[in-house]
Amino acid sequence: MSKKLTPSEKRLEIEILRYHPEQDEEPYLQQFEIPYTTDMTILEALQFIKDHLDSTVSFRWSCRMAICGSCGLMVNGVPKLGCKAFLRDYYPNKITLEALANFPIERDLVVVMDDFINKLEEIKPYLIPEKEPQFLTKGTYQQTPEQLEKFKQYSMCINCGLCYSACPQYALDNKFIGPAALALIARYNRDSRDAGSAERMKIVNQEVGVWGCTFVGYCSVVCPKGVDPAAAIQLLKVESSKDYLIGMFKP
Amino acid sequence: MIFKQPKKYIRSHEPVFWGLFGAGGMLTAFLTPIMILLTGLLIPLGIIEPEALNYEKLHSFTSSWYGAAIILIIVALPLWHTLHRIFHSLHDLGVQRGRSWQQVICYGFAFAVSVFVFTLLLQILTM
């Protein structure tokens, strides 16, 4: 079972929150000791544990390069991507890994993302053209660099859910539409090729829309892709206020 | 197949309060340091004569229409800002009971004091 460690190898202690709902009453922490090298990520540490120490540890992962958004977890209480967090930033201290906060645990480090996925679907995260979509033979939709700059940053979202687990408002009330969904609304509403703003503003204008946010800003701190959802939400608050004023004079 | 009913979206009235909150916050951020500088440092240190802010001077300032307008803005907007923040902090602290009453009390207080200051200033102006 256990891989032999040579005495010269540096080691690191990792504890993982384990929970198998069908057999465990409640989640518990399990200790592991792994060999440490400076270029190892948290995800690689988990893979080492699964391959050599305990094959029942469950976690999601796919690309290993911070683009699939699967390996989100809490590292010492901070939401991180396992593939983007390195052991060297914690060594020689112990590392505690837990499932992403604010989501129900499915098994060990795997969470149920259904609520987030439903919200993503609800906001229509795709271009809604004004007229019939034009065929490629008629050429592509042209945009100026300025038009691209207006939404580009918000299009970097990889739907990893770190911002939801950082958001204290989502923790208090998960009816709140949340940072990533709102950032994506900003991404499509600010795109010159899109004409779906009116539909999406209905979601934004709700109490649980943009107004559920109190501008804590932790979502932008933890975002692994530099999306800055907090700024997107502030922009949408201004848009929602304009929409409110216009709505007062329109039947 | 699951048939989904079209969801009803209810518009929030938050833009009104958020607007007052933003304006009040801006004022507070700019004016508080100046007020502390004036009343807490410059006057006690004797750099500005205490006479500059005496009752008669302030009263005559308040008796002008622009003075009254400035005082109303300086009192009312930061008040709306403060009570908006208190209202949302109650939610953050997990005080979930009687949310609508919290709202009535918070914004009601800001409204009542704004009206009170307005009438007071109007009285001074028309004296």
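**Figure 1. The contact between chain B and chain A buries about 1,600 Å² in this predicted model.** Carbon and sulfur atoms give 57% of the area buried between the two chains. On the chain B side, Tyr9(B), Arg11(B) and Trp18(B) lose the most area to chain A, and together these residues make up 43% of what chain B buries. In number of residues, the contact joins 13 from chain B to 17 from chain A.

**Figure 2. Chain A as a whole holds 9 helices and 7 strands.** Its C-alpha atoms fill a box of roughly 75 × 45 × 30 Å along the principal axes. Of the 251 residues in chain A, 46% are buried. Among the contacts in chain A with a separation of 6 or more, 65% are between residues 24 or more positions apart. The domain assignment splits chain A into domain 1, residues 11-111, and domain 2, residues 114-249.

**Figure 3. Domain 1 and domain 2 of chain A meet over a buried area of about 1,100 Å².** Carbon and sulfur atoms give 62% of this area. Taken over C-alpha atoms, the centres of the two domains of chain A are separated by 30 Å. Each domain of chain A brings residues to the contact: 16 from domain 1 and 16 from domain 2. In domain 1 of chain A, the residues that lose the most area to domain 2 are Pro79(A), Asn102(A) and Phe103(A), with 47% of what that side buries between them.

**Figure 4. An open sheet of 5 strands in chain A runs in the order β2-β1-β5-β3-β4, with mixed pairing.** At the edges of the sheet lie β2 (28-35) and β4 (78-81) of chain A, each of which pairs on one side only. From one strand to the next, the twist averages 35°. Strands of a sheet pair through backbone hydrogen bonds, in either a parallel or an antiparallel sense. For β1 (residues 11-18) and β2 of chain A the sense is antiparallel, and the pairing extends over 8 bridges. In one of these, Glu13(A) has Glu33(A) in β2(A) as its bridge partner. Helix α1 (residues 42-53) of chain A packs on the sheet and touches β1, β2, β3 (72-75) and β5 (95-98) of chain A. The direction of α1(A) makes about 95° with that of β2(A).

**Figure 5. Helix α2 of chain A has its buried residues on the same side.** The residues in question are Phe116(A), Lys119(A), Leu120(A) and Glu122(A). These residues lie on the same side of α2(A) because they cover an arc of only 160° around the axis. The elements that cover them include α4, α5 (168-172), α6 and α7 of chain A. Just after α2(A) comes Lys124(A), which takes a positive phi of about 55°.

**Figure 6. Helix α6 of chain A (residues 179-189) is mostly covered, with 11 of its 11 residues buried.** The buried residues of α6(A) include Leu182(A), Leu184(A) and Ile185(A), and also Arg187(A), Tyr188(A) and Asn189(A). Pro179(A), where α6(A) begins, is buried as well. The buried residues of α6(A) pack against five helices of chain A: α2 (114-122), α4 (162-166), α7 (197-204), α8 (218-222) and α9 (229-249).

Notes. Residues numbered from 1 in each chain as written. Chains lettered and ligands numbered in written order. Predicted model: local features only at pLDDT ≥ 70, side-chain atom pairs only at ≥ 80, totals over all residues. Heavy atoms only, no water. Buried < 20%, exposed > 50% of the residue type's maximum accessible area, 1.4 Å probe, protein only. Helix = DSSP H or I, 4+ residues; strand = E, 2+ residues; numbered from the N terminus. Contact = heavy atoms within 4.5 Å. Pairing = 2+ DSSP bridges. Axes fitted to C-alpha atoms, helices over the stretch in contact; angles between N-to-C directions. Arc of directions from axis to C-beta. Domains from an automatic or database assignment. Buried area = accessible area lost by both parts, 1.4 Å probe.
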